[in-house]
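Please find below my notes on the model, set out point by point. They begin with the pairing of strands and go on to individual residues.

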Amino acid sequence: MSSTIDAGRFGKLVPTDGTKKVTAIDVGAIDMTTGQPVRTFSATVSDATAQPFVQSLAVSPDGSTLYIAGSFQAINGVPRENLAAVDAATGEVLDGFDPNV
């Protein structure tokens, strides 16, 4: 499967056929072949004091890690200040990367 990971200010991903909306808060993945949201990927940013946002995304050279930067306090409920590393396939927050920037 070939997918694109997108960031912005949104709360749902809508497939090209307009059905089966998927909740995705500011970060989501779309299958490039089918146009359907990738339901196995979830990386939700949050901030208790302000509106969170994602400013940039970067993928590791081997494609396994997605770096998310912006203004947020947590991803998927895991505390991360403004920069996080997640599994590029699932969005699961990776342990061992917590630079607190």
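1. Two strands are taken as paired here if DSSP finds at least two bridges between them. On that basis S7 and S10 are paired, since they run antiparallel and are joined by five bridges. Within this pairing, Tyr67 has Ala85 in S10 as its bridge partner, while the partner of Leu66, again in S10, is Val86.

2. The coordinates come from a predicted model, and the reading of any detail should start from the confidence values. The mean pLDDT of the protein chain is 91, with 99% of its residues at 70 or more. Confidence is highest in S10, at a mean of 97, and lowest in strand S3 (residues 22-23), where the mean is 85. As a general caution, predicted coordinates should not be read in detail where pLDDT is low.

3. The pairing of S7 with S10 belongs to an open sheet of three strands, ordered S6-S7-S10 and antiparallel in its pairing. Its edges are formed by strand S6 (53-59) and by S10, each of which pairs on one side only. From one strand to the next, the twist averages 25°. In general, the strands of a sheet pair through backbone hydrogen bonds, in either a parallel or an antiparallel arrangement.

4. How many bridges join S6 and S7? The two strands pair in the antiparallel sense over six bridges, and one of the positions to inspect is Ser56, which stands opposite Ala69 in S7. S6 and S7 also form a hairpin, with five residues between them. In the turn of this hairpin, Gly63 has a positive phi of about 80°.

5. Thr65 deserves a separate look, as a residue of strand S7 (residues 65-71). Is Thr65 buried or exposed? Its relative accessible area is 12%, and Thr65 therefore counts as buried, the limit being under 20%. Leaving aside residues up to four places away in sequence, Thr65 touches Ala58, Val59, Ser60, Ala85, Val86, Ala88 and Leu94.

6. A second open sheet of three strands has the order S5-S8-S9, and here too the pairing is antiparallel. S5 and S9 stand at its edges with a single partner strand each, so that one side of each has no neighbour in the sheet. S5 and strand S8 (residues 74-75) pair in the antiparallel sense over two bridges, and Val45 stands opposite Ile75 in S8.

7. How many salt bridges does a search of the whole structure find? The search finds one, formed by Asp98 with Arg80, whose closest N and O atoms are 3.6 Å apart. The pair links distant parts of the chain, 18 residues apart, with Asp98 in the segment after strand S10 (83-87) and Arg80 in the loop between strand S9 (78-79) and S10. The distance of 3.6 Å may be set beside the 4 Å within which a side-chain nitrogen of Lys or Arg and a carboxyl oxygen of Asp or Glu are counted as a salt bridge.

8. The two partners of the salt bridge should be described separately as regards accessibility. Asp98 is partly exposed, at 37% relative accessibility, whereas Arg80 is buried, with a relative accessible area of 8%.

9. Which backbone oxygens does the side chain of Arg80 approach? The side chain of Arg80 reaches the backbone oxygen of Leu94 at 3.3 Å, and a polar atom of that side chain lies 3.1 Å from the backbone oxygen of Phe97. Beyond residues up to four places away in sequence, Arg80 touches Phe72, Gln73, Ala74, Val93, Leu94, Asp95, Phe97 and Asp98. Leu94, Phe97 and Asp98 are thus listed among the contacts of Arg80, and Leu94 is also one of the residues that Thr65 touches.

10. Finally, Pro37 is found in the loop between strand S4 (27-31) and strand S5 (45-46). Pro37 is buried, with a relative accessible area of 8%, and touches Leu13, Pro15, Val22, Ala29 and Ile30, not counting residues up to four places away in sequence. Where it helps to place this loop within the model, the C-alpha atoms of Pro37 and Asn82 are separated by 25 Å, and the two residues are 45 residues apart along the chain.

Notes
Residues are numbered from 1 along each chain as its sequence is written. Side-chain values use heavy atoms; hydrogens and water are left out. Helices (H or I, at least four residues) and strands (E, at least two) are DSSP runs, numbered from the N terminus. Buried means under 20% relative accessible area, exposed over 50%, partly exposed in between (1.4 Å probe, protein chains only). A polar contact is a pair of N or O atoms within 3.5 Å; within protein, one must be able to donate a hydrogen and the other to accept it, and residues adjacent in sequence count only if both atoms are side-chain atoms. Contact means heavy atoms within 4.5 Å. Axes are lines fitted to C-alpha atoms, for helices over the stretch in contact, and angles run from 0 to 180 degrees between N-to-C directions. pLDDT is the predictor's confidence in each residue, from 0 to 100.
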